[in-house]
Amino acid sequence: MVNVNRLVIMSNRLPVALHEEDGAWTASPAPGGLVTALTPVLKRHSGVWIGWPGTTEQVELAGALETVSAELGYRLEPVQLNAEQLQGYYYGFSNEIIWPLFHGFETRCNFEPAYWHDYQDVNRQFAAATAGVLEPGDFLWIHDYHLMLTARELKRQSPELNCAFFLHIPFPPPDIFFKLPWRKEILEGLLAFDLIGFQTLRDRRNFTLCLQQLRIPGLKVYGRGAVVDISLGEHHLRAGAFPISLDYQDIQRHAATPEVEQLAWLFHEKFPDRQIMIGMDRLDYTKGIPERLAAFGLALERYPELRGNLTMVQLTVPSRERVPEYERLRHIIEQLVGQINGQYTEVGDWVPIHYIHRSVSRSEVLAYLRAAENAIVTPLRDGMNLVAKEYVACNLDGTGALILSEFAGVAAEFKRRAILVNPYDIEGMAAAIQRVYLMDINERKRRMIKLREIVRKNDIFTWVENYVVTATHRHEKSALTVDEFAPDFKLSDTE
Ligand code: ADQ
């Protein structure tokens, strides 16, 4: 098992949900795959989780956090941010620059210089809060694109600190990444970590290609596999692909409970003798929801046998609601749903698309996934996409069919068993919709059994273990020689 003295996690948000009633604040644990996977490790290693608690109001949260901390079994350390900082660092730099850029939507970026200053300030603040918590021998694991500069700050004070990073979103190729005005600073910030984890080999390769093209003096990359070694002067680090997963057994158990079974049955009862195709996403322009709806509309036009026989259920969970762009996306989706339903609905009998725009309970999520004969997961770009893995884990009878975007990180694991599509190819997606509708039970089973095997074997616990073992079994500096590693390239040679 994982061998660390003390595990310290840092992420933008603490794993808590805050509630306010008549000026009194309480908190409860916020569920999620990452929290579930890390909780046993944090408990065993007297861990600490550092992050923003979720409000910019100047309120006393110590009591509320202590209660949750006792429930979770590890310490929670809040980093307080004011509204201005949150605007520049989170809504600005993280979500108007890094999110679109790293997903390949560079034209949506707002390269506002003030955001960069806020991002640096808040990263410094996170680093300072962490420095106050760290003890010698701690292993620090920092999550996601909001905090890419924290290691650089921390290492200035504690060069011996073992500090790892995991990027949950994709890493773009050089032609996109280099549009970032602060590209050099971000790469140098990342190079201060001891391990940089990516979701896929493609992301890891994009990162090393960017390093190569930036020509950082003295930087060398060794190897070309999933995990590569990098040296920069005296500093040695690793970069690797660690595809994230979920708690397969827990989801499967939950999906098999009488509560979920009953919900799934009631849900499918409303669509007797029809197939359901489910789409489920956070409302975001990277998820390809309008393109998917257009493909469903085209499928109904081209393949009349689908009319009355295949119902699409699209669930979107509201997110980043105060950003105007997300509001516009919601209108586009609602307009498309209205158009398609207006064209094909048979009154009192069949409605082509059932659209639900709200967050639903975990049991309902699993019931929808369990009840659907087909799932359509077609992001334009996605780090991993856990909905695809959730669909597979919930598919207890092993007969579900999955249409999956080539540009979701999960496609690297599912490629031969899911029906892969290009989410920009509306005709191709329409044909895939007809294909899964017609797919016979034997082909469905063959594919789904294999998919379930893939997720069962590579669950979230394996992910944590692989990552932490790679991060904590550091190579001896002397072991890093050109003789032992086949170099991808040597930057210093190109200068
Ligand atoms: P996200 O972009 O948030 O995560 P994803 O991995 O798809 O994307 O997870 C979404 C979660 O929301 C799923 O657990 C799903 O069940 C839930 N959900 C969706 N619709 C819902 C609804 N209407 N009600 C309630 N719950 C709903 C980022 C990256 C991903 C990466 C993850 C983990 O963008 O690529 O897979 O981190 O690393």
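This passage describes the surroundings of the ligand, helix α8 and two buried residues in a predicted model.

The shell around the ligand comprises 23 residues, of which the closest are His168, Asp382, Met384, Leu386 and Glu390. In composition, this shell divides into 10 nonpolar, six polar and seven charged residues. Both domain 1 (6-241) and domain 2 (248-458) contribute to the shell, each with at least three residues. Among the secondary-structure elements, the strands β12 (275-282) and β13 (310-317) and the helices α13 (362-371) and α14 (386-394) each provide at least two residues of the shell.

Several polar atoms of the protein are placed close enough to the ligand to be listed individually by distance. The side chain of Lys287 places an N or O atom 3.1 Å from an oxygen atom of the ligand, while a polar backbone atom of Arg358 lies 3.0 Å from a ligand nitrogen atom. A polar backbone atom of Leu386, a residue that is also listed among the closest to the ligand, is found 2.9 Å from an oxygen atom of the ligand. Taken alone, the ligand exposes 730 Å², and 84% of that area is buried by the protein.

Helix α8 spans residues 201-214, and its 14 residues should extend over 20 Å at 1.5 Å a residue; the C-alpha atoms at its two ends are 20 Å apart, in agreement with that expectation. The buried residues of α8 are Asp203, Arg204, Asn206, Phe207, Thr208, Cys210, Leu211 and Leu214. In general, an α-helix has 3.6 residues a turn, so residues three or four places apart point the same way. Just after α8, Arg215 adopts a positive phi of about 55°.

Two further residues, one in a strand and one in a loop, were examined for burial and for their partners. Asn12 lies in strand β1 (residues 6-13) and counts as buried because its relative accessibility, 7%, falls under the 20% cut-off. Although Asn12 and Phe126 are 114 residues apart along the chain, their C-alpha atoms are separated by 8.9 Å. Arg274 is located in the loop between α10 (258-269) and β12, the latter being one of the elements that supply residues to the shell around the ligand. With a relative accessible area of 13%, Arg274 is likewise under the 20% cut-off and is therefore classed as buried. The side chain of Arg274 is joined to that of Asp349 by a polar contact of 2.9 Å.

Terms used: Residues numbered from 1 in each chain as written. Predicted model: local features only at pLDDT ≥ 70, side-chain atom pairs only at ≥ 80, totals over all residues. Heavy atoms only, no water. Helix = DSSP H or I, 4+ residues; strand = E, 2+ residues; numbered from the N terminus. Expected span 1.5 Å × (residues − 1). Buried < 20%, exposed > 50% of the residue type's maximum accessible area, 1.4 Å probe, protein only. Near = heavy atom within 4 Å. Polar contact = N/O pair within 3.5 Å; in protein donor to acceptor, adjacent residues only side chain to side chain. Areas by Shrake-Rupley, 256 points an atom, 1.4 Å probe, with all protein chains shown as cover. Nonpolar A, V, L, I, M, F, W, Y, C, P; charged D, E, K, R; others polar. Domains from an automatic or database assignment.
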